[in-house]
Amino acid sequence: MTKITPAMVKEHGLSESEYQKILDLMGREPSFVELGIFSVMWSEHCSYKSTRAHLKKLPTKAPWVIQGPGENAGVIDIGDGDAAIFKMESHNHPSFIEPYQGAATGVGGIMRDVFTMGARPIAMMNALRFGEPSHPKTRHLVSGVVSGIGGYGNCMGVPTVGGEVNFHPSYNGNILVNAMCVGLARQDKIFLSAAKGAGNPVVYVGSKTGRDGIHGATMASAEFDDASEEKRPTVQVGDPFTEKLLLEACLELMATDAIIAIQDMGAAGLTSSSAEMGDKGGSGIELDLDKVPQRETNMTAYEMMLSESQERMLAVLRPGREAQAEAIFKKWELDFAVIGITTDTSRLVVKHKGKVEADMPITALSDAAPIYERPYTEREAQTGEPAYDKSKPVLASLKAILASPDMASRRWVWEQYDHTVMADTVQVPGGDAAVVRIHGTQKALAITTDVTPRYCRPDPFEGGKQAVAEAWRNLTAVGALPLAVTDNLNYGNPQKPEIMWEIVAGIDGIGAACRALDFPVIGGNCSLYNETNGEGILPTPAIGAVGLMKDVTKMATVAFKRAGDVVILIGETKGHLGQSIYLREIEGQEEGAAPKVDLGTEKKHGDFVRGLIEAGRVDTVHDVSDGGLLVAIAEMAMPRGIGASVGMAGLAEAIPFWFGEDQARYCLAAPFAEAEKIVAEARAAFITVAELGKTGGDKLTLDNKDSVAITDLKAGFESWFPNFMAGEEIPVTN
Amino acid sequence: MKARVFITLKNGVLDPQGKAIGHALNGLGFGSVGEVRQGKVIDLELSGSDQAKAKDELKAMCEKLLANTVVEKYEIELKP
Amino acid sequence: MKSAVIVFPASNCDRDAKVALEQMTGKTPAMVWHQDSELPDVDLVVLPGGFSYGDYLRCGAMASQSAVMRSVKAHADKGGMVLGVCNGFQVLTESHMLPGALMRNAALKFVCKPVGLEVQETQSGFTRKYESGQRVTFPVAHGEGSYFADEETLDRLEGENRVAFRYAKGENPNGAARDIAGILSEKRNVLGLMPHPERVVDDVLGGTDGRGLFQSLIEALS
């Protein structure tokens, strides 16, 4: 047996105290295979050791929550016996090393998380963060990630309906690729991962196992340095064709009653899938690795247990159903093998070539995994109102903002995603939320992903609140009732007290907002150590959220639809410029306090607006967020080229009024008679409301004075992204 | 027996990928690069040792599946 | 009108085609698995969009060799109608049921967006309910949709009025030769087109321009 040396322990990312704990749990020195298993199961990625204590504080329950965190994905009740199943997950580190395959396998992984529970995926979203546009690698990464997401999702025939793309220097060496999948199932056909009972066959289905991505899970838990680019050979390669077959085959098998439990082999492959199934079912699992379908020769037990080859699933069947299951997988030309059996020992036993390579208590991998209450220290708050030049012309600034990297149209991105396949996409990318009809009904799901990292750096608590509030607001703005959240928490190194504070405060902020808005967290993912050469990313707790619309024909969109509509602003404008897009793009400052979110106001305003949409009284709504009110109005004018003439209300200073990023605001447009009623009702409900002007013409006019042609605004808005991507190929050193 | 099949676009068929590669190489300072055409390589292992028979078989494979002869041409290389 | 939709393992617009046919004809099409060598008795066969067998070699190349395609060819040879959309069009050219080839988009990117088309030819069972020159909008969603054929073939297609759909001026999304979006076979019973008419038969989904194609088929086949 291989003697375990301190160097090996270190290479496996385990600390001395962690190794001591392993010795105590095992009562002996672990084998090399066991050490590998511990290293992946106790990695940050699998064990959540730095965040578990804090994640417990998130609200996870509501009458409509069928399954909260802890399974492959969360499940909510959407009426009529239907369930929506969704989750968001990061694939940051692999995407930085190999953007196409990293992003593609991220998409594949999250889809498996959803269909492993019995759902057919119906929509994909993604939240992407790249370094500054001028960084030599950015274009290469954007291009690779976008085509990887498209390449996988398009082939699967699941529409990719939207997401976010941001640029910031803090992501120069560590991009974020967070992918979200939403699926649909019947409530009585949901599959979980608890391998209950002994003596049941454990089957392996899907692709063969190769030496792909060995130690991907530990890679995702360690900081990057420049040398890590040499890790390329271990990046997994995605095969969407096989995944499509696996999806169809799994759904066909799930229509029978042959399955007891099923789990996809994601990070840490065979190890985590078997350990988690055994752990949740309270049973043991014995694996015979000689039976594992192998793509390469002479693979060791260590390699097979840690391989992250894609498009594989592990299932526990009812005894005697092997032939039925095998026939289905053969029809879809996929590998199928019985590779083990469940036991009553609560141990994970791995045999290979007649030798026991691992024999360990499963609880040592789950419950006994370390939990850290890492120390944290608050960073000094950024406060006060930053200075700005009051004389700058408003419309010129608007034009510049609309043509800036973070605000310009993302059409270049989403036109590479098949967003209309499945013929149920009712609202395509570019609006507040994507809307996907429930096939064959009038119901629809609204889906969004949101976070404003520039708010989270100065104020992680308010930033966490704001991410949830904005997601809630975006769902509301299309007319959906927000139901639940999946969070994808991207942060730096938790062993640094200031970063740990960002994490703790961020989770607290998310929890506060979710509680106030009745918006439980039903699943999520943490990605820590997002730093390169000691530089931390902006804290980026991405929120993926789903809402339900009972009647899709009532849906609102952002586009102005008629001339002569009254433009109405719901919500109070104090002109908060701290950390705003205006300040960053026009004044070159990332200064000041983040805007505060008053959750009570948020709820009140949202419920009011949703009521109007549900009653069929307004069809034109946009949430006011990044860039402020004037940017929102421009975004409403550009889609159909219908202009507006608007003026200020309630504030004397133009720049804070038009570009301030106060929260809990919506901009609406409605015909005169309806608008009068809406304003009166809002006032009666003590909601701050203002009539800003009227739609019409082909210009955006301010205070009856200055104006700009909508076509001018649109030209800059639409051209930034394609121009950026068409720039000369920048040499990439790797 | 090992065989290698080269598949390239016929002359005159537009090759946007080749063009993009050429453009990128020029951008990297390789000024000597003129026209670029790209294609694919397929390595096959064949049983048997009859070279002539293998060549005929490979030709049939190319005509039937490996190349689309409307736009592509192919070359076969046999290594004993 | 009786129809069948061919299902390859990675077809992904098969359901969309089925729903559109149900909605437009009131009848459920037969879904035919790629390994079936027999077609049911139908008037129309639809080859749907998707990635057939993963399309790793060339789009539609492996599908053209499948068992079911022999029956589809036989169906067309007898004068039966065949509609190939997107990947279906690629399968039709790879099977030599239509001339030319579909190559990588000129911009080297997958493209999904609504595209303006002109109905060029209304003398066919697929297009008779449209006006000649009518402008319609169908979405495209493909990475390899750039139609290519040699000049002689292109001249012949035009001379025989077999270009059914052309991208409207300035709308060509993929660099297709002579803006060709869809073509008819010599006997005019096979249509292949890159844009997706089956995605525009429902008002809620942003248009109903695709209905004309299905209405044409209903009239032609009743």
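**Exercise 1. The β12-β13 pair of chain A**

Find how strand β12 (residues 347-352) of chain A is joined to β13(A), and name a bridge partner in this predicted model.

*Solution.*
Step 1. Take the two strands together: six bridges join β12(A) to β13(A).
Step 2. Check the direction. The two strands run antiparallel.
Step 3. Pick one residue, A:Val350. Its bridge partner in β13(A) is A:Ala358.

**Exercise 2. The sheet of chain A**

State the order of the strands in the open sheet of chain A, and explain why β8 and β13 of chain A are each left with one side without a neighbour.

*Solution.*
Step 1. Write the order. Seven strands of chain A form the open sheet, running β8-β10-β7-β11-β9-β12-β13.
Step 2. Note the pairing, which is mixed.
Step 3. Look at the edges. β8 (259-264) and β13 (355-361) of chain A stand there, and each has a single partner strand, so one side of each has no neighbour in the sheet.
Step 4. Add the twist. From one strand to the next it averages 20°.
Step 5. Find the helix on the sheet. Helix α13 (residues 322-331) of chain A packs there and touches β7, β10 and β11 of chain A. The direction of α13(A) makes about 150° with that of β11(A).

**Exercise 3. Strand β7 of chain A**

Determine which strands pair with β7(A), and how many of the residues of β7(A) are buried.

*Solution.*
Step 1. Locate the strand: β7(A) covers residues 201-206.
Step 2. Take one partner, strand β11 (residues 335-343) of chain A. Six bridges join β11(A) to β7(A), and the two run antiparallel. Here A:Pro201 stands opposite A:Ile341.
Step 3. Take another partner, strand β10 (residues 312-317) of chain A. Five bridges link β10(A) with β7(A), again in the antiparallel sense. Here A:Tyr204 stands opposite A:Leu314.
Step 4. Count the cover. Five of the six residues of β7(A) are buried, and the strand is mostly covered.

**Exercise 4. Two helices of chain A**

Describe how α7(A) and α10(A) are placed, and decide whether they are roughly parallel or antiparallel.

*Solution.*
Step 1. Locate the helices. α7(A) holds residues 99-115 and α10(A) holds residues 240-254.
Step 2. Give distance and angle. The axes come within 11 Å and cross at roughly 5°.
Step 3. Apply the cut-off. Angles under 35 degrees count as roughly parallel, so α7(A) is roughly parallel to α10(A).
Step 4. List the contact. From α7(A) come A:Gly108, A:Met111 and A:Phe115. They meet A:Pro240, A:Glu243, A:Leu247, A:Cys250 and A:Leu251 in α10(A).
Step 5. Sort by class: the contact has six nonpolar residues, one polar and one charged.

**Exercise 5. A:Lys280**

Say where A:Lys280 is found, and whether A:Lys280 counts as buried or exposed, or in between.

*Solution.*
Step 1. Place the residue. A:Lys280 is in helix α11 (residues 269-281) of chain A.
Step 2. Count the neighbours. A:Lys280 has 19 C-beta neighbours inside 10 Å. A buried residue needs 20 or more, so A:Lys280 counts as partly exposed.
Step 3. Name the contacts. Neighbours within four places in sequence aside, A:Lys280 is in contact with A:Ser193 and A:Ala194.
Step 4. Look further along the chain. A:Glu71 is 209 residues apart from A:Lys280, and their C-alpha atoms are separated by 9.4 Å.

**Exercise 6. Chains B and C**

Use the radius of gyration to judge how spread out chain B is and how compact chain C is.

*Solution.*
Step 1. Outline chain B. It has two helices and three strands, in the order β-α-β-α-β from the N terminus.
Step 2. Compare with the globule rule. For 80 residues the rule gives 12 Å, and the radius of gyration of chain B is 16 Å, well over that value, so chain B is more spread out than a compact globule.
Step 3. Add the burial: 12% of the residues in chain B are buried.
Step 4. Outline chain C. It has five helices and 11 strands.
Step 5. Compare again. The radius of gyration of chain C is 15 Å, close to the 17 Å that the rule gives for 222 residues, so chain C is as compact as a globular protein of that length.
Step 6. Add the burial: 59% of the residues in chain C are buried.

Terms used
Residues numbered from 1 in each chain as written. Chains lettered and ligands numbered in written order. Predicted model: local features only at pLDDT ≥ 70, side-chain atom pairs only at ≥ 80, totals over all residues. Helix = DSSP H or I, 4+ residues; strand = E, 2+ residues; numbered from the N terminus. Pairing = 2+ DSSP bridges. Axes fitted to C-alpha atoms, helices over the stretch in contact; angles between N-to-C directions. Contact = placed C-beta atoms within 7 Å. Parallel < 35°, antiparallel > 145°, perpendicular 65-115°, else oblique. Nonpolar A, V, L, I, M, F, W, Y, C, P; charged D, E, K, R; others polar. Rg over C-alpha atoms; globule rule 2.2 N^0.38 Å.
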